[in-house]
Amino acid sequence: LKIVLASRNTGKLREFAELLPGVTLVPWPAEAPELPETGAFFQDNALQKAEGARAWWQAHGTDRVDGVLADDSGLCVDALWGGPGVLSARFAPDLPAYRDKNRRLLAMIPEGADRLARFVCVLAYAPMKGEAFTTSGAVEGSLAFDHRGEGGFGYDPIFIPDGYDQTFGELPSSTKHTLSHRARACAALRARLGMD
Ligand code: ITT
């Protein structure tokens, strides 16, 4: 299978290369447009990105590919009413570095508040011919008290998955790939595409 990955997030790109062995991933070209995501739900945004990217690829794509894959994901914190959630990529735009975004997010949690959080990932796959569909995955956990570890990307250094003491920033990527939201959504996608 040859699939265009409609994402500009290099952390996601690295993970998909490991989570979808046997799939040839074509990166979203530099000259291609930014893909709008205007929905209120991960599922709407994932479909919007996949269908928008498929339409662009049909008009301008260079390679013949089987389909287009988009990922909409984020960190949902109970004490923040589920936020930043679908707005995870747009949280604290004045702070470019994730170390600073993570510190600001932690500072927003009132002392003594519940620290439960989950990562959610919705994948949308749009075959070049046929209907797009979505798969999803989530991982439950809690917020650390500080930014810990340099592994992974984004909010990984402040998220401790249930059953572990270390953050996704401290755990090896091989461990993240056994239980992450993206790993679970990819397993469902592989099954749906008959790859297992
Ligand atoms: P594309 O739309 O180009 O794919 P994006 O980064 O804008 O890239 P999203 O709108 O889906 O993608 O935002 C998801 C954000 O949630 C992402 O920027 C990270 O900050 C965070 N996130 C998602 N998955 C994560 C993971 O596995 N580890 C850490 N942070 C993650």
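The questions and answers below go through a predicted model of a protein chain with a ligand.

User: How are residues numbered, and what pLDDT do local features need?
Analyst: Residues are numbered from 1 along each chain as its sequence is written. In this predicted model side-chain atom pairs count only at pLDDT 80 or more, totals for chains, interfaces and linings use all residues, and local features need pLDDT of at least 70.

User: What is the mean pLDDT of the protein chain?
Analyst: pLDDT is the predictor's confidence in each residue, from 0 to 100. Where pLDDT is low, the predicted coordinates should not be read in detail. In the protein chain 100% of residues reach 70 or more, and the mean pLDDT is 97.

User: Which ipTM does the predictor give the complex?
Analyst: Two scores are given for the complex. The pTM is 0.98, and the ipTM is 0.99.

User: In what order do the elements of the protein chain run from the N terminus?
Analyst: Helices (H or I, at least four residues) and strands (E, at least two) are DSSP runs, numbered from the N terminus. The protein chain has five helices and seven strands. Their order is β-α-β-α-β-β-α-β-β-β-α-α.

User: What is the radius of gyration of the protein chain?
Analyst: The radius of gyration is taken over C-alpha atoms, and the globule rule is 2.2 Å times the number of residues to the power 0.38. For 196 residues the rule gives 16 Å, and the chain's value is close to that, so the chain is as compact as a globular protein of that length. The C-alpha trace spans about 55 × 35 × 25 Å along its principal axes. The radius of gyration is 17 Å.

User: What percentage of the residues of the protein chain count as buried?
Analyst: A residue is buried if 20 or more other C-beta atoms lie within 10 Å of its own, exposed if 12 or fewer, and partly exposed in between, with C-beta atoms placed from the backbone. Of the 196 residues of the protein chain, the buried share is 39%.

User: Which strand gives the most residues to the shell around the ligand?
Analyst: A residue is near a molecule if its C-beta atom, placed from the backbone, lies within 6 Å of it. The ligand is surrounded by 20 residues, and the closest are Ser7, Asn9, Ser88, Ala89 and Gly154. Five residues of the shell come from one strand, residues 67–77, which is S3.

User: How many charged residues does the shell around the ligand have?
Analyst: Ala, Val, Leu, Ile, Met, Phe, Trp, Tyr, Cys and Pro count as nonpolar, Asp, Glu, Lys and Arg as charged, and the others, Gly among them, as polar. The shell has five nonpolar and eight polar residues. Its charged residues number seven.

User: Is Asp72 buried or exposed?
Analyst: Asp72 is in strand S3. An unreviewed UniProt entry marks Asp72 as "binding site" and as "active site"; UniProt positions are given in the numbering used here, feature names are shortened, and annotations may be inferred rather than shown by experiment. Residues are in contact if their C-beta atoms, placed from the backbone, lie within 7 Å, and the contacts of Asp72 beyond four places in sequence include Glu37, Phe42 and Val122. Because Asp72 has 27 C-beta neighbours inside 10 Å, Asp72 counts as buried.

User: How far apart in space are Cys186 and Leu123, C-alpha to C-alpha?
Analyst: Cys186 is in helix H5 (residues 181–192) and is buried, with 25 other C-beta atoms within 10 Å. Not counting residues up to four places away in sequence, Cys186 touches Leu19 and Leu20. Cys186 and Leu123 are 63 residues apart in sequence, and their distance in space is 7.7 Å.

User: Which peptide bond is cis, with omega near -5°?
Analyst: The bond leads into Pro84, which lies in strand S4 (residues 83–84). The cis bond runs from Gly83 to Pro84.

User: Is Trp81 buried or exposed?
Analyst: Trp81 lies in the loop between S3 and S4. Its phi is positive, about 55°, although Trp81 is not a glycine. Since 8 other C-beta atoms lie within 10 Å, Trp81 is exposed.

User: What is the phi of Ala92 near?
Analyst: Ala92 lies in the loop between S4 and helix H3 (98–107). With 16 other C-beta atoms within 10 Å, Ala92 is partly exposed. Ala92 is a residue other than glycine with a positive phi, near 50°.

Technical notes: Contact = placed C-beta atoms within 7 Å.
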